[in-house]
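Me: I am new to this structure and would like a close look at a single part, the place where two helices pack across each other. Please explain the terms as you go, and then connect that place to what surrounds it.

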Amino acid sequence: MAKEFSWIYISENDPDTVFDALQKQEGGRLIGQCGEWLQGEALLTRLQPDIALLDLGTGEEGLDYLARWSALFPRIRFFCTAGQARPELIVRAMRCGAGEFLLPDADDEEISRALKSVRPGVDSGRDRPARARTVCCFGVKGGMGTTTLAVNLAVAAAKNNGRRVLLIDSKLQLGNAALFLDIKPRISLLELLENLATLEVSRLDAILPGHGSGLHFIAGPENMEEAEKITAAGLGRLLELLRPEYDLIIIDCDDHFDEVTIRVLDEADLILTIAQLDLSTVYNLKRTLALFRRMGYAEEKIAVVLNRYPQRISDELQSIEGSIGRSICCRLPLQENGALLESINVGEPIILSRPRHPFSLQMAELLNHIQAEGRAKNTAAPRNSRGLLRRLTGRKE
Ligand SMILES: Nc1ncnc2c1ncn2[C@@H]1O[C@H](COP(=O)(O)OP(=O)(O)O)[C@@H](O)[C@H]1O
Ligand SMILES: [Mg+2]
């Protein structure tokens, strides 16, 4: 039999139906209760329960406490409820670290499902799973090798490090990451967004197309004209739901600044900004980096990757860095022998088919760098959710 779990209740309102239902659950022990947000932290510190049920009431104050406490107490699972559970409140609660959001009419079955989902972590005394580090691959124009990079990083992370990795193709009209992986997705971003309300994250293994490497993959819509049905807000909500389920999310991003792309860039913890050393691309790179600065992105959110880097000018790195005003994170060598093209033709990323190839070795090094950085930070960078134009003009929403 599963071991007992302890829980506390923090609510400025009278106990609600979710409280009653949780109290009825077998194996649960209510060890504390308080009616003011201000007292909550002392209670959590003193009792260190397995689960804390928070009634968020109308929102703001509770959300602030939830965000603070979920960072302070990584071992406690936070369940939330609210009399008026608006979709926006639910999404924000999940974003602030709620493990589950229980609606006021949640029945016993729903409560036991929620308990079951946190049970393995509670029983083993492990910290809550961290939210996936989200890495966005952004080429400063088409043909930079963005998809090549995104796909290879994702499969390598899934296969070699046994991590839960998700690759999303957010190039909505002409995305082709599926081709690089030789996958024919039955379900795309569009179907996921259309069914977001009923999406069961515990069934992602069955829902999402997998790959031999262990990677999960979400393709763009099958028909190009359906791309416009995908909204930035929808994609943001999906990411919020998926982030707790993975260790790493890699996004193959479009190269022009529309609302969806901007949302993806906003959500990213790290943007791999991919360019190469011809004049027009370097010009685009400089302008992109300047825009990222104006968008308020922190310097450490951006890493510049130079692809097709010719061996002969390896010595000139410093002058290139001086010219773009940033250090180069990674240089991927130019491949003239067709190995990359062949890997696309056979649908097997080069990092799997030829792991000792110079291109693969560089990419493996980049992956190590990304993961080491992720461990050092261990939390997502704070997000700025204001729209591009407003951010650029500095107006408030
Ligand atoms: N370092 C490289 N050397 C040679 N060819 C490359 C290199 N990187 C990418 N390519 C090739 O360039 C083409 C475009 O790559 P792709 O990843 O589709 O770019 P993007 O997604 O930026 O449009 C592909 O045929 C790919 O094999
Ligand atoms: Mg591409």
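**Two crossing helices and their surroundings**

Reply: Helix 4 and helix 10 are oblique to each other, a word used for angles that fall outside three classes, namely roughly parallel (under 35 degrees), roughly antiparallel (over 145) and roughly perpendicular (65 to 115). The model is a predicted one, in which local features need pLDDT of at least 70 and side-chain atom pairs count only at pLDDT 80 or more, while totals for chains, interfaces and linings use all residues. Residues are numbered from 1 along each chain as its sequence is written, and chains are lettered from A and ligands numbered from 1 in the order in which they are written.

The axes of helix 4 and helix 10 (residues 232–242) come within 9 Å and cross at roughly 45°; such axes are lines fitted to C-alpha atoms, for helices over the stretch in contact, and the angles run from 0 to 180 degrees between N-to-C directions. Helices here are DSSP runs of H or I with at least four residues, strands are runs of E with at least two, and both are numbered from the N terminus. The crossing of helix 4 and helix 10 is left-handed, a term for a near helix turned anticlockwise from the far one by less than a right angle, whereas a clockwise turn gives a right-handed crossing.

On the side of helix 4 the contact is made by Val91, Met94 and Arg95, and on the side of helix 10 by Arg237, Glu240 and Leu241, where contact means that the C-beta atoms of two residues, placed from the backbone, lie within 7 Å. By class, this contact has three nonpolar, no polar and three charged residues; Ala, Val, Leu, Ile, Met, Phe, Trp, Tyr, Cys and Pro count as nonpolar, Asp, Glu, Lys and Arg as charged, and the others, Gly among them, as polar.

To place this in the whole chain, the domain assignment gives domain 1 (5–124) and domain 2 (133–393), with bounds that come from an automatic or database assignment. The C-alpha centres of the two domains lie 34 Å apart, and the contact between the domains takes four residues from each of them. Helix 4 (residues 87–95) supplies three residues, the largest share of the side of domain 1 that touches domain 2, and that side has two nonpolar, one polar and one charged residues.

Helix 10 also packs with helix 11 (residues 259–267), at an angle of about 30° and with the axes 8 Å apart, which makes helix 10 roughly parallel to helix 11. Their crossing is right-handed, and the contact is made by Ala232, Leu235, Gly236 and Leu239 of helix 10 together with Glu259, Val260, Ile262, Arg263, Val264 and Glu267 of helix 11. The residues of this contact divide into six nonpolar, one polar and three charged.
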